[in-house]
Amino acid sequence: MAKFQKKRGKSTPGISTASLPDIIFMLLFFFMVVTVMRETELKVKLRLPQATELTKLEKKSLVSYIYIGEPIPKYAKKLGSAPRIQLNDVFATPEDVIQFIENERAKMDERLTPYMTTSLRVDKDVKMGIVTDVKQELRKANALKINYSSLPKGSE
Amino acid sequence: MPRGRQSHDINAGSMADIAFLLLIFFLVTTTMDIDKGIYTRLPEWDEEFEDVKLNKRNVLDVLINSRDQLLVKGELFDIKNLKKEAKKHIDNNKRDPNYSDSPKDAVVSLKNDRGTSYDIYIQVQNELKAAYREIWDREGMRRYGKVYGDLKREQKKAIRKDYPRKFSEAEPEDLGGGS
């Protein structure tokens with residue numbers, strides 16, 4: 001019985017940290033692969049509407065974004081508070097949409113262009129007038145697959 | 001020459017720190033959010049506008065004015081009841097003379113004002129989509145014992161053939177209603 005004495009507790013072997021860099025590197029590579037750099041700087045106020053019937057947009061490379069909303073305070077002085085369209089990094093008019101879609105198409109793999117989707121990210125207080133104008137232009141540009149970007153209900 | 005032989009070990013102790021820094025950088029810049037939304041297809045653009053004559057009973061007229069009021073079949077309507085109404089319309093099968101002949105003939109026509117807010121427009125789209133999804137789910141359960149989302153491609157197609165989503169959006173105009 002005397003053999004079992006509390007001797008173990010005394011000396012704690014240090015945890016080997018030799019493999020720590022490897023673990024960190026693995027995490028690093030994971031995040032490097034997953035990362036998508038934010039390309040556009042948002043210049044309009046955007047509070048998306050909420051909905052329940054949502055579809056996920058899978059292929060990010062096949063999606064082009066159109067933002068519509070009030071200019072953020074920085075630009076509001078110059079442009080006023082009327083809703084504006086933002087394509088890439090610049091403010092635009094509905095007439096520019098066709099050209100924008102053409103440019104986006106040219107960037108894509110030719111075989112994949114039929115799968116191109118346009119995501120409309122529109123502030124919920126915007127009136128339908130400007131949205132309709134954009135939709136008409138999209139129809140003219142033959143970019144028929146669209147997605148009204150919205151948040152799941154109950155989230156903020 | 002003898003100098004070159006002497007190989008020093010590079011101190012790898014700071015490797016972890018460097019990796020950590022990079023890791024934190026990527027952690028911060030990562031955007032993992034997936035874009036979600038209501039997916040639709042716009043009708044193709046054609047210059048000449050053809051007026052398709054439809055039997056009046058087959059069309060569910062949904063109108064939104066610039067005050068965000070909903071008008072269904074000419075009557076003021078609460079958006080909460082829209083899904084039920086749409087389902088009743090689609091699933092009528094000649095029972096009620098005011099609603100559609102069959103699911104295949106049923107059309108939902110949506111018209112909005114230029115002053116309608118985007119929010120209410122999305123809510124209406126959402127409700128109409130939900131109505132169809134619920135009918136598809138029910139059909140899926142009845143025929144295959146699964147909800148629509150879990151069905152195979154052909155099964156989905158079969159259901160969609162019997163309950164096609166016919167959605168017509170008119171050109172918006174100034175309907176008035178005070179903007």
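Okay, let's start with one pair of residues: A:K56 sits opposite B:K36, which belongs to strand β1 of chain B. That pair is part of something a bit bigger, since strand β2 of chain A, residues 55–56, runs antiparallel to β1 of chain B, with 2 bridges between them. Keep in mind throughout that this is a predicted model.

So what does the rest of the contact look like? Chain A puts in 44 residues and chain B puts in 40. On the chain B side, the elements giving two or more residues are α2 (15–29), β1 (36–41) and α4 (118–144). If you sort that chain B side by residue type, you get 20 nonpolar, 11 polar and 9 charged.

Now, how far can we trust this? The model scores are ipTM 0.74 and pTM 0.76. For chain B, the average pLDDT is 80, and 87% of the residues score at least 70. Within chain B, the low end is helix α1, residues 2–5, with a mean of 54, while α4 of chain B comes out highest, at 90. As a general caution, predicted coordinates should not be read in detail where pLDDT is low.

On to chain A by itself. We have 4 helices and 8 strands here. Reading from the N terminus, the order goes α-β-β-β-α-β-β-α-β-α-β-β. Of the 156 residues in chain A, 26% are buried. And take the contacts in chain A between residues at least 6 apart in sequence: 78% of them join residues at least 24 apart.

Next, the inside. The largest nonpolar core has 47 residues, and the ones touching the most other members are A:I68, A:V131 and A:V134. Which element gives the most to this core? That would be α4 of chain B, with 10 residues. Let's look at A:V131: leaving out residues up to four places away in sequence, A:V131 touches A:I68, A:V122, A:V126 and also B:Y118 from the other chain.

One last residue, A:Y65, which you'll find in strand β3 of chain A, residues 63–69. Buried or exposed? Somewhere in between: A:Y65 counts as partly exposed because 18 other C-beta atoms lie within 10 Å, and buried would take 20 or more. Apart from neighbours within four places in sequence, A:Y65 is in contact with A:S119 and A:R121. A:D125 is another matter: A:Y65 and A:D125 are 60 residues apart in sequence, and their C-alpha atoms are 18 Å apart in space.

That's my tour, thanks for listening.

Technical notes
Residues are numbered from 1 along each chain as its sequence is written. Chains are lettered from A and ligands numbered from 1 in the order in which they are written. This is a predicted model: local features need pLDDT of at least 70, side-chain atom pairs count only at pLDDT 80 or more; totals for chains, interfaces and linings use all residues. Two residues are in contact if their C-beta atoms, placed from the backbone, lie within 7 Å. Ala, Val, Leu, Ile, Met, Phe, Trp, Tyr, Cys and Pro count as nonpolar, Asp, Glu, Lys and Arg as charged, and the others, Gly among them, as polar. Two strands pair if DSSP finds at least two bridges between them. A residue is buried if 20 or more other C-beta atoms lie within 10 Å of its own, exposed if 12 or fewer, and partly exposed in between; C-beta atoms are placed from the backbone. pLDDT is the predictor's confidence in each residue, from 0 to 100. A nonpolar core is a set of buried Ala, Val, Leu, Ile, Met, Phe, Trp, Tyr and Cys residues joined through C-beta atoms within 7 Å.
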